[in-house]
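Welcome, and please take a moment to look over the sequence and the model shown here. We will then walk through it together, one part at a time.

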Amino acid sequence: MSKIHVNTSINGDTTEFLCEADEPLLNVLRDHLHLTGSKEGCGTGDCGACSVTMNGRLVCSCLVLGAEAEGAEITTIEGMADGETLHPLQRKFLEHAALQCGICTPGILVAAKALLERDPDPSETEIRYWLAGNLCRCTGYDKIISAVMDAAAEMRGG
Amino acid sequence: MQYAAPKSTAEAARMLADAKGVARVLAGGTDLLVQMKSGLIEPDLVVDIKAIDGMRTITQEAGGYRIGAAVSGAELGEHAGVRALWPGVVEALELVGSTQIQGRCTLAGNLCNASPAADSVPAMVAAEATVRVIGPDGARDCPVQAIPTGPGKTSLARGEFVASIHLPARPAHASDAYLRFIPRTEMDIAVCSAGVSLVLDRNGTCQTARVALGAVAATVLLVKDAAAALVGTKLDNAALDALASAASAAATPIDDKRGTVAFRKEVAGVLARRAAVIAQQRAGSEKGADT
């Protein structure tokens with residue numbers, strides 16, 4: 001079976017790749033493009049570890065076909081830091097020790113960034129509901145929520 | 001497996017009709033890709049309908065809204081017009097899955113996946129929504145409740161797919177609401193659910209009602225006795241008791257790990273009652289309700 005040729009944009013860079021028709025975007029990112037920041041926790045859209053944005057929408061890349069990326073704008077965790085300078089969310093996750101094993105962290109950072117772009121001043125409850133699809137088996141979530149709130153305050157200039 | 005992204009509904013219908021083996025429609029993919037991953041289905045052809053005009057748009061039509069089959073929960077929730085006209089339908093779809101799932105999941109997909117516990121389906125049935133089906137012979141319209149015929153089964157013929165859903169116009173002093181029971185606050189499948197749509201007169205007396213229940217039968221139930229209990233009343237306690245009794249009596253659920261028959265029957269009545277009260281409050285708080 002011939003592979004599908006896809007033209008897309010990933011973290012602002014024009015990118016092309018070949019994929020199988022039934023290959024999820026997550027596999028394309030990790031196995032073909034070597035962008036291994038996005039993780040496969042479940043592969044069925046339950047855990048959020050593979051979160052990316054597609055045309056500005058937060059999605060699970062395990063539930064998107066690579067072929068669907070044609071003409072789309074994808075952002076991944078690899079596009080979050082500016083060179084050596086961490087995004088405020090990344091810095092606050094380190095300061096608050098909001099990660100342990102780290103598998104869920106890229107997805108949570110991508111999801112939290114998508115939230116703060118929509119709402120720079122979310123309540124704790126809003127953050128918890130927004131991140132309900134990002135499972136973490138280590139931290140118990142409190143440090144993650146604190147880090148997001150602190151990053152939001154800093155980004156607002158508070 | 002082959003992947004195709006046709007540009008027209010006619011082309012999509014032809015591909016689905018001519019496919020050798022198993023063909024599936026892809027809109028949001030939040031059920032399809034999970035079923036492929038688990039090996040439940042192994043499609044020979046997946047037809048992505050998102051490149052077709054109208055699949056990703058919401059347009060005003062006949063005083064209501066036509067919602068393309070690939071409009072996501074997030075997009076529907078951001079549409080002020082639909083949210084104002086049919087808040088119960090919007091809140092029902094918004095209960096499906098996480099933020100990530102909301103970025104992709106659709107009303108049409110929730111309907112065609114044909115889960116008895118689908119959240120948006122009782123709300124759409126209560127709203128008397130209609131479905132535009134495209135097939136090899138052209139387009140036809142049918143009521144939402146005609147699509148699911150059992151768990152995972154639909155009435156769609158080979159080559160047919162749902163292209164859009166129409167939420168109708170609504171008179172003044174009317175609204176809807178949807179509630180479900182889950183044992184937590186987020187990210188779960190309905191144990192039991194109820195959608196209620198009401199039309200009141202200027203004095204608050206119920207003119208017409210539609211009550212639909214989810215997850216208490218193989219398909220969504222439209223409970224006419226429950227609706228009849230509200231008509232001609234101002235939703236006093238006696239009317240709400242009669243509504244709840246009728247809803248509980250109509251429910252024919254199964255026992256499973258998420259709930260028992262007795263629990264689901266009881267909760268069907270409770271949710272129908274609470275949803276009716278919310279719909280009444282929304283209808284009564286409309287601008288001009290007291291004039």
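Leaving aside its neighbours within four places in sequence, which residues is B:Ala127 in contact with? Keep in mind as you look that this is a predicted model. The residues touching B:Ala127 are B:Trp86, B:Gly88, B:Val89, B:Leu167, B:Asp176 and B:Ser197. To find B:Ala127 itself, go to chain B and look in the loop between α8 (120-126) and β6 (130-135). B:Ala127 has 27 other C-beta atoms within 10 Å, and because 20 or more are needed for a residue to be called buried, B:Ala127 is buried. You can also follow the chain from B:Val90 to B:Ala127: these two are 37 residues apart along the chain, and their C-alpha atoms are separated by 11 Å.

That residue makes a good doorway into chain B as a whole. Chain B is divided into two domains, domain 1 covering 2-167 and domain 2 covering 174-284. Between the C-alpha centres of these two domains of chain B there are 24 Å. Where the domains meet, domain 1 of chain B contributes 25 residues and domain 2 of chain B contributes 26 residues. On the domain 1 side of this contact, at least two residues each come from α5 (87-94), α8 and β8 (148-150) of chain B. Sorted by class, that same side of domain 1 of chain B holds 16 nonpolar, six polar and three charged residues.

Still in chain B, let us visit one more residue. Is B:Leu111 buried or exposed? B:Leu111 sits in helix α7 (residues 107-112) of chain B. Around B:Leu111 there are 25 other C-beta atoms within 10 Å, so B:Leu111 is buried. Setting aside neighbours within four places in sequence, B:Leu111 is in contact with B:Ala118, B:Val121, B:Val144, B:Ile147, B:Pro148 and B:Val162. Another residue to pick out is B:Pro122, eleven residues from B:Leu111 in sequence and 9.8 Å away in space, C-alpha to C-alpha.

Now step across to chain A. How many residues of chain A are in contact with chain B? There are 23 of them, and they meet 22 residues of chain B. On the side of chain A that touches chain B, the elements giving two or more residues are β4 (57-60) and α4 (124-130) of chain A. Of the elements on that side, β4(A) gives the most, with four residues. By class, the side of chain A that touches chain B is made up of 14 nonpolar, six polar and three charged residues.

Chain A, too, is divided into domains: domain 1 spans 4-79 and domain 2 spans 88-155. The centres of these two domains of chain A, taken over C-alpha atoms, are separated by 21 Å. Their contact takes 13 residues from domain 1 of chain A and eleven residues from domain 2 of chain A. Strand β3 (residues 51-54) of chain A gives the most to the domain 1 side of this contact, with three residues. That side of domain 1 of chain A divides into six nonpolar, six polar and one charged.

Within the first of these stretches, look for helix α1 (residues 25-32) of chain A. The buried residues of α1(A) are A:Leu25, A:Leu26, A:Asn27, A:Val28 and A:Leu29. Their cover includes β2 (13-19) of chain A. After α1(A) comes A:His34, whose phi is positive, near 60 degrees.Our last stop is a group of helices in chain A. Helix α2 (residues 88-95) and helix α5 (residues 142-155) of chain A pack at an angle of about 135 degrees, with their axes 8 Å apart. That angle is why α2(A) counts as oblique to α5(A). The crossing of α2(A) and α5(A) is right-handed. From α2(A), the residues A:Pro88, A:Leu89, A:Lys92 and A:Phe93 meet A:Ala147, A:Val148, A:Asp150, A:Ala151, A:Glu154 and A:Met155 in α5(A). The residues of this contact of α2(A) with α5(A) comprise seven nonpolar, no polar and three charged.

Helix α2(A) also meets helix α3 (residues 105-118) of chain A, where the axes come within 10 Å and cross at roughly 130 degrees. The helices α2(A) and α3(A) are therefore oblique to each other, and their crossing is right-handed. Here A:Leu89, A:Gln90 and A:Phe93 of α2(A) make the contact with A:Thr105, A:Leu109, A:Ala112 and A:Lys113 of α3(A). By class, the contact of α2(A) with α3(A) has four nonpolar, two polar and one charged.

Conventions. Residues numbered from 1 in each chain as written. Chains lettered and ligands numbered in written order. Predicted model: local features only at pLDDT ≥ 70, side-chain atom pairs only at ≥ 80, totals over all residues. Buried ≥ 20, exposed ≤ 12 C-beta atoms within 10 Å, placed from the backbone. Contact = placed C-beta atoms within 7 Å. Domains from an automatic or database assignment. Nonpolar A, V, L, I, M, F, W, Y, C, P; charged D, E, K, R; others polar. Axes fitted to C-alpha atoms, helices over the stretch in contact; angles between N-to-C directions. Parallel < 35°, antiparallel > 145°, perpendicular 65-115°, else oblique. Left-handed = near helix turned anticlockwise from the far one by under 90°.
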